[in-house]
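Me: I've got a structure to go through with you. Could you take my questions one by one and keep the cut-offs explicit?

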Protein chains: 2
Amino acid sequence: MDNKQLMLQVKQWIEEAGQYIKDELKKVVKVEEKTNRSDLVTNVDKGTEAFLVKKINEAYPDDLIIGEEGTGRDVSSTKGRIWIIDPIDGTLNFVKQQENFCVMVGIFEDGNPLLGFIYDVMKNEFVYGGPSTGVYLNETVINAPEDLSLADGLMGCNAKMYTDNYEHSREIASAAIGVRMLGCAGLDFLNVIRGKQNGYISNLAPWDFAAGTVLSQALGLVCRQFPDLDYNILGERQYFIVATPQTFSDIQKFF
Amino acid sequence: MDNKQLMLQVKQWIEEAGQYIKDELKKVVKVEEKTNRSDLVTNVDKGTEAFLVKKINEAYPDDLIIGEEGTGRDVSSTKGRIWIIDPIDGTLNFVKQQENFCVMVGIFEDGNPLLGFIYDVMKNEFVYGGPSTGVYLNETVINAPEDLSLADGLMGCNAKMYTDNYEHSREIASAAIGVRMLGCAGLDFLNVIRGKQNGYISNLAPWDFAAGTVLSQALGLVCRQFPDLDYNILGERQYFIVATPQTFSDIQKFF
């Protein structure tokens, strides 16, 4: 199976997961707190992860999986093919708004980006692909977004980093034409990928940035640990930036 | 013509305006700065306002109009029927994202809320109505949202007020379960009206809050100059809050 066939197979699994999520939204969603009152998990996050893990395990039993909701967190090497899953990114929006959340899957091979998938389920916007396949929005190939400068675009920023002005975060966001806080990393990635934002700074676990990173890098966008280090798909939560090359270059001038 | 007939007439005008906006988005939009680099106006803002003003003037020549883009700003009394128009709320989003903006119209009679209209054009979500007609989302009547407490919902907050912690804004937003910045007052009002946010604090001109205020008050939500004064539909830009009654009460404890 080549990368394009794999891409279409995974796309179909994620669409099935999206349908499961929509069906579950018609029932009572069971919400639990994880580390704090804004870090939530629901039966639907868990059900979606279980669905995707089962599909992957059945089709590719030798592949490794890292999932937000507890699957295989002990992956210790980037050798082979690793699937990184965020079954519902933006769980707080999912619970409070029943929209503005995404299903995300990133696939890496020997540490290199292979395929990424971000599906805004309620808006039915699905961006997927990778460096070897091209990147698609629904059924259409999309090209690299315009290389906007920091001052000429909208910047997404994590609220805590902005409040603390962590590593100049607030100054950087204030140098953009406007700051946005959406509560869902996947939506910020989609905006940057589609040229609707020039960047996004946040504090992200690998499942928050894996899919977006594959897609963004395939389109020539910069993905780094913030402000400027290699990201680590096996690491803990890390400060992270995705930006257009020009915006990234403008941001480096703050240091 | 009773209020319900008037509501349906204006709804149709705004839907026509929405179609005009969608058509214009297929062409090159001409952007100008107003007071600063993030305060933009386009030919489409102006064209939309001109379209609505023409409809109102033809049908109701004795009514007064206040429009963001310059129509009749010298209204000096709340007597009679006043139409307050924001042809494109979220112009920066309109320019940079081609979505996440709204057309808004609020109608007041002798200073009292009569009808409000917020149309998220690209998402095709139209909330309209008033105290005498009920409030509708597209074709369906909607009821008052759940009376969420401050700690149990998402709070929208203006970025500058948040940065400056103006009148405890940042502390208040931080007491919510999460803060959101959308760059479009109309979207925040829609979220509060539909129970997807428990409140929104910003610095708004009458055309930014007129429509949302009519709709919100009709559903039992609190609309005040922030932190707690009567709003003024003839005034300049003013600090403003819309919130569920419980959230508003929780916020008053900060003072």
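Me: What distance separates the centres of domain 1 of chain A and domain 2 of chain A?
Reply: This is a predicted model, where local features need pLDDT of at least 70, side-chain atom pairs count only at pLDDT 80 or more, and totals for chains, interfaces and linings use all residues. Residues are numbered from 1 along each chain as written, chains are lettered from A and ligands numbered from 1 in the order written, and side-chain values use heavy atoms, with hydrogens and water left out. The assignment for chain A (bounds come from an automatic or database domain assignment) puts domain 1 at 3-142 and domain 2 at 150-252. Taken over C-alpha atoms, the separation of the two centres is 20 Å.

Me: Which three residues supply 21% of the area that domain 1 of chain A buries against domain 2 of chain A?
Reply: Contact here means heavy atoms within 4.5 Å, and 39 residues of domain 1 of chain A touch 24 residues of domain 2 of chain A that way. The buried area (accessible area, 1.4 Å probe, that two parts lose on being put together, summed over both) is about 2,300 Å², with 77% from carbon and sulfur atoms. On the domain 1 side, the trio that gives more than any other three residues is A:Ile84, A:Phe108 and A:Ile118.

Me: Which residue forms a salt bridge with A:Arg194?
Reply: The rule for a salt bridge is a side-chain nitrogen of Lys or Arg within 4 Å of a carboxyl oxygen of Asp or Glu. Across the interface of domain 1 and domain 2 of chain A, that rule finds 1. For A:Arg194, the closest N and O atoms are 2.8 Å apart, and the partner is A:Glu125.

Me: Which strand gives the most to the side of domain 1 of chain A that touches domain 2 of chain A?
Reply: There are 5 residue pairs in polar contact between the two domains, both residues at pLDDT 80 or more; a polar contact is a pair of N or O atoms within 3.5 Å, where within protein one must be able to donate a hydrogen and the other to accept it, and residues adjacent in sequence count only if both atoms are side-chain atoms. Helices (H or I, at least four residues) and strands (E, at least two) are DSSP runs numbered from the N terminus. The strands of chain A that each supply at least two residues to that side of domain 1 include S4 (81-89), S5 (102-109) and S6 (112-120). With 7 residues, the top contributor is S6(A).

Me: Why do the UniProt "binding site" positions gather at one spot?
Reply: The annotation comes from an unreviewed UniProt entry and covers A:Glu68, A:Asp86, A:Ile88, A:Asp89 and A:Asp208. They span 141 residues in sequence, so what puts them at one spot is that no two of their C-alpha atoms are more than 9.8 Å apart. UniProt positions follow the numbering used here, feature names are shortened, and annotations may be inferred rather than shown by experiment. As for an element, A:Asp86 is found in chain A's strand S4.

Me: How many salt bridges are there between chain A and chain B?
Reply: Here 28 residues of chain A are in contact with 28 residues of chain B. The pair of chains buries about 2,600 Å², 45% of it on carbon and sulfur atoms. One of the bridges joins A:Lys196 and B:Glu99, closest N and O atoms 3.1 Å apart. The count between the chains is 6.

Me: Which helix gives the most to the side of chain A that touches chain B?
Reply: Chain A and chain B share 23 residue pairs in polar contact, both at pLDDT 80 or more. Elements giving two or more residues to chain A's side are helix H3 (91-97), helix H4 (159-164), helix H5 (169-175) and strand S11 (178-180). Leading with 4 residues is H3(A).

Me: Which residue meets A:Lys55 in a salt bridge?
Reply: A search over all chains finds 39 salt bridges in the whole structure. This one links distant parts of the chain, helix H2 (residues 43-59) and helix H1 (residues 3-25) of chain A, its two residues being 39 apart. The N to O distance is 3.7 Å and the partner is A:Glu16.

Me: What distance separates the C-alpha atoms of A:Thr71 and A:Glu49?
Reply: A:Thr71 sits in the loop between S3 and S4 of chain A. Leaving aside neighbours within four places in sequence, A:Thr71 is in contact with A:Glu49, A:Val53, A:Ile65 and A:Ile66. A:Thr71 and A:Glu49 are 22 residues apart along the chain, and their C-alpha separation is 8.1 Å.
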